[in-house]
Every structure is written in structure tokens, then in C-alpha cells.
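Visitor: Could you walk me through this one? I'd like to start with how the chains meet and then look at some helix packing.

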2 protein chains.
Amino acid sequence: MVSLTEENYLKALLSLAKEKGEVNVTDLSKHLGIKMPTANSMMKKLAEKKLVVYESYKPLRLTEKGKKTAGLIIRKHRLTEMFLVDKMGFGWEQVHEIAEQIEHIHSQDFFEKMDELLGYPKFDPHGSPIPDKNGKMEWISYQTLTHCNVGDVVHLAAVTNSSAEFLKFLNARELKLGARLRILAIESFDKSMTITYDGRSDEVLSALVCEKLLVTL
Amino acid sequence: MVSLTEENYLKALLSLAKEKGEVNVTDLSKHLGIKMPTANSMMKKLAEKKLVVYESYKPLRLTEKGKKTAGLIIRKHRLTEMFLVDKMGFGWEQVHEIAEQIEHIHSQDFFEKMDELLGYPKFDPHGSPIPDKNGKMEWISYQTLTHCNVGDVVHLAAVTNSSAEFLKFLNARELKLGARLRILAIESFDKSMTITYDGRSDEVLSALVCEKLLVTL
DNA sequence: GTAAAATGTTAGAATAGACTAACAAAATTT
DNA sequence: AAATTTTGTTAGTCTATTCTAACATTTTAC
Ligand SMILES: [Mn+2]
Ligand SMILES: [Mn+2]
Ligand SMILES: [Mn+2]
Ligand SMILES: [Mn+2]
């Protein structure tokens, strides 16, 4: 009923809506690495399927049905990532690409079994929430590290980028979810932060890195 | 380089070659549930990719490259089935359909990890050999139960049909791989067999069932 | 508040994979 | 050996997904 291609569009729409509020065709096509007219005509198709509300020159919106469909794909994606890390021994930097494919497998049983074997996890290995069986997910209001101040002590709760390069960067510094971070200094010129955690002292993180780290107080 | 669709064609060619010797377009199209002209034009495409030898009105043949490619997909399929049964707790009747999809996942790491976690298995849950990393598989010369005689005592080594219906039929009779079967009688009229195994006595199996059971002496 | 830039849309074409209808060759029956 | 059936091929069409080129609208800049 919904093709693999369409599933990827829906997922993109949901995540762009989450990070930017409004979604336009330019963002969508950039996100998916396709040209604008391609995205445009797919939006019309998804509108016919009642998954998207499309009006010329207006921002794109998912319908409730579209949100649910997208949420269920993200559920499959994140359950897969969790399974790959917890049950198969992959590193958190290895799983996104594989999950990107496995999320399109058609088999209720397969994902229900994963869920069960994992003990019904609520978060994936990158700290993102796993949507429930209705495709609904609760976004906990984390802060980016960028918004913290000198002296703050916070815990690393999630990362907003699952690329292998970024996660290998964190691996190299033994920076893991749950780590207790203390902010020692913030360079006012470039907003880079000096922090300590675990045994580590005086790690300097650029603002580009800090804005990808979500923390709780 | 090879699409999901093409992968399924290659697999079909390999398994038809194994079971029938020569493969023609009619068999191939029936096996895949497509029309003859569709199969025909795909054969020309695969011939251009040097995966198939195509000559008008001649039987279809896989090239060495084609055999290897097909073997590697079957490797992924069977490793998956083994993983689903041994590591995830699925029944042998549930795994074929899921594996039919997962065999197309592009990730060396994923299947290598499965292989490692499984301890480098040589056979899948249905008793079929798992091809090696070069796509080569050794076919052990099993016999179908049909070819056995009254008084023979044999072990169930493999089944040649992985459909859920057939495997549920075997489940209902607690007939598993490895079972030691003794042939009590063969009905000459319809070739149905009366056998005993485990605690079971006097199970009658039709010839249709017997020919799908591969045994060792 | 016009001009320029950015964004969005339409039209037309390409490729992959499937189909039907019509024709051709090979195999099988009489 | 001719007729019939089966099998295989060609030609043309369709849908899904992508593209480029051209045009339209909206937003931003001056
Ligand atoms: Mn991911
Ligand atoms: Mn995907
Ligand atoms: Mn199988
Ligand atoms: Mn398949």
C-alpha cells in the first residue's frame, strides 16, 4: 500500500517537521537528495493517498494518517537499532545505515519479537524515543549542550546526529549516553566548550559538536 | 549494481537449475509469478550484465558470476532463517517469508555478525546447506523418503518445501529434523507410508508429503 | 515598491519492471 | 509430414520514480 520510497518521504516529512516546524519542498528534496520537482510530484501523490496535505506554495503537512504511518516506520527503525546494539553487539555508529533498510521489512512478527526480546525499550541507542504501536512518540524536552552555562553539571541524554563519523568522534572521546558532564569553560569567540566527564578532563568540544548533544539537568 | 528484483530472478534460476536441470522461460515465469515476456526481457538484461547466458530458444544458464551472486543471496537468506530460529525464537514455519525480504539487505557486517553469533552454521533450519562466502554450497545427496523401503530406518535430514502450511503439518505431528524414522508399511496403491518415530507410532504420510522429506540412512 | 533571488510548479523525457496482443519457433500429436 | 500445442519472442503500453528545462509565484533586498 505504501512503497519503500513513499515510506522514506513520510519519515523525512516527520523529522523535518520536528526539527524545523514547517516543511517546504526545498528542505524535503535536500534532505532526501532528490530534485525539487520529484519531491513536488510525490507530495501530490501522497496527498491523494491522504497521507499529506498539499496546497500549492504552502508548507507541507502530514495528515494524522501520515503521521501514524511515519511514526510506525520510525518505530521499526529504532527497534532495529536497539536490537543491533543490544542483541547483536554492533556499535551505535554502525546501526543507522542497516536500520534504514530493515525499517522497510513487512512483518509484524519480526518487530514484535525484537520488541519483546529487548524488553519493550522506550529509547534507541542514540537516545531518541521509540514510538509506540500507534506510531506516537513522546518528545522529552532535552536541551542542547550549547544552551548550558559554565558550572552546569548535566547528563548526556541523546545525540541528534547518528552518522558514523560523528559517533566515531564521540567514541574516540569515550563520550557515551548517560555520561555526567561538567562545563568548565565556554569560549565566547566560537562557543566551544571545555568539559570534564568520567575520568576525562579538559575535553574541548566545538559548538558544532555541542549543538548535537542533548542533555538533561 | 544488482537490484532486488534481479536478485530474485537469479535465485530462482539457481534453484530451478538445481531441481530441474534445465531452466526455460516458462518455468522461470511460473516460479516467480510473472508473465513470460517479463522473464524474457529480464534474461536479456541479466545477459548484458554477464550474469546469465541467453540464446534465443535455448535453455537459460547462469554464468559463474551469476551463480556466485545467487549463491551469496541464498547464503544471506539461510543465515537469516537460522538466526530467526536460533537467536530470536521463531518457528521454522515462520522464517522463510521474513528471510525472503532480509536477504536483500546490503550490509556485509550484518550477515557476518549473524554468522558469527550462530557459530558459522552449515545448514539452515530446513536442513538446506548454507553457501560459503564465495557463494558455493555443497549439496549432500539425500534421498527422498519416497525412495525408501519397508523396514528401513532413516533420519530426517531436510525438507524441500519451506511453506508455512507444510511445516505446520509437520509440527502437528512433532516431526523434526534429526528424527529417526522407521518405515512400517508402504501402501502400493498410493505410495503412502506408515512410519514410527520418537514416541509416535503408526503415522501415515501421503506420497506428496514423503517426497518433500529428505533422509539419510 | 520594484528588482532580484529564492522557492515552487508544470511539462516532457528517461529507466526499471511489469503487462497484453500478436507473431514465431519448436515440440508433440495425430 | 502436416496439424496442433507448447514455448518463446517482439512490439507496444503502463506505472513508479527519477530527471532537466522552462515558467510562475513568493520572498527578500535595495
Ligand atoms: Mn537511526
Ligand atoms: Mn529507509
Ligand atoms: Mn527459505
Ligand atoms: Mn527475496
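Guide: Contact here means heavy atoms within 4.5 Å, and please keep in mind that this is a predicted model.

Visitor: Okay, how many residues does the contact take from chain A and from chain B?

Guide: The contact takes 19 residues from chain A and 19 residues from chain B. Between them the two chains bury about 1,500 Å², with 72% of that on carbon and sulfur atoms.

Visitor: Which residues in chain A lose the most area to chain B?

Guide: Those are Met88(A), Gln101(A) and Phe110(A), which together account for 35% of what that side buries.

Visitor: And salt bridges or polar contacts, how many across the interface?

Guide: The rule finds zero salt bridges across the interface of chain A and chain B, although it does find four residue pairs in polar contact, both residues being at pLDDT 80 or more.

Visitor: Which helix of chain A gives the most to that side?

Guide: Helix 6 of chain A does, with five residues, and by class the side of chain A that touches chain B has ten nonpolar, six polar and three charged residues.

Visitor: Switching to chain B: at what angle do helix 2 and helix 3 pack?

Guide: Helix 2 (residues 25-32) and helix 3 (residues 36-48) of chain B pack at about 110°, with their axes 9 Å apart. Because angles of 65 to 115 degrees count as roughly perpendicular, that is how helix 2 of chain B lies relative to helix 3 of chain B.

Visitor: What makes that contact?

Guide: Helix 2 of chain B contributes Val25(B), Thr26(B), Leu28(B) and Ser29(B), while helix 3 of chain B contributes Met36(B), Ala39(B), Asn40(B) and Met43(B). These residues divide into five nonpolar, three polar and no charged.

Definitions and conventions: Residues are numbered from 1 along each chain as its sequence is written. Chains are lettered from A and ligands numbered from 1 in the order in which they are written. This is a predicted model: local features need pLDDT of at least 70, side-chain atom pairs count only at pLDDT 80 or more; totals for chains, interfaces and linings use all residues. Side-chain values use heavy atoms; hydrogens and water are left out. Axes are lines fitted to C-alpha atoms, for helices over the stretch in contact, and angles run from 0 to 180 degrees between N-to-C directions. Helices (H or I, at least four residues) and strands (E, at least two) are DSSP runs, numbered from the N terminus. Angles under 35 degrees count as roughly parallel, over 145 as roughly antiparallel, 65 to 115 as roughly perpendicular and the rest as oblique. Ala, Val, Leu, Ile, Met, Phe, Trp, Tyr, Cys and Pro count as nonpolar, Asp, Glu, Lys and Arg as charged, and the others, Gly among them, as polar. Buried area is the accessible area (1.4 Å probe) that two parts lose on being put together, summed over both. A salt bridge is a side-chain nitrogen of Lys or Arg within 4 Å of a carboxyl oxygen of Asp or Glu. A polar contact is a pair of N or O atoms within 3.5 Å; within protein, one must be able to donate a hydrogen and the other to accept it, and residues adjacent in sequence count only if both atoms are side-chain atoms.
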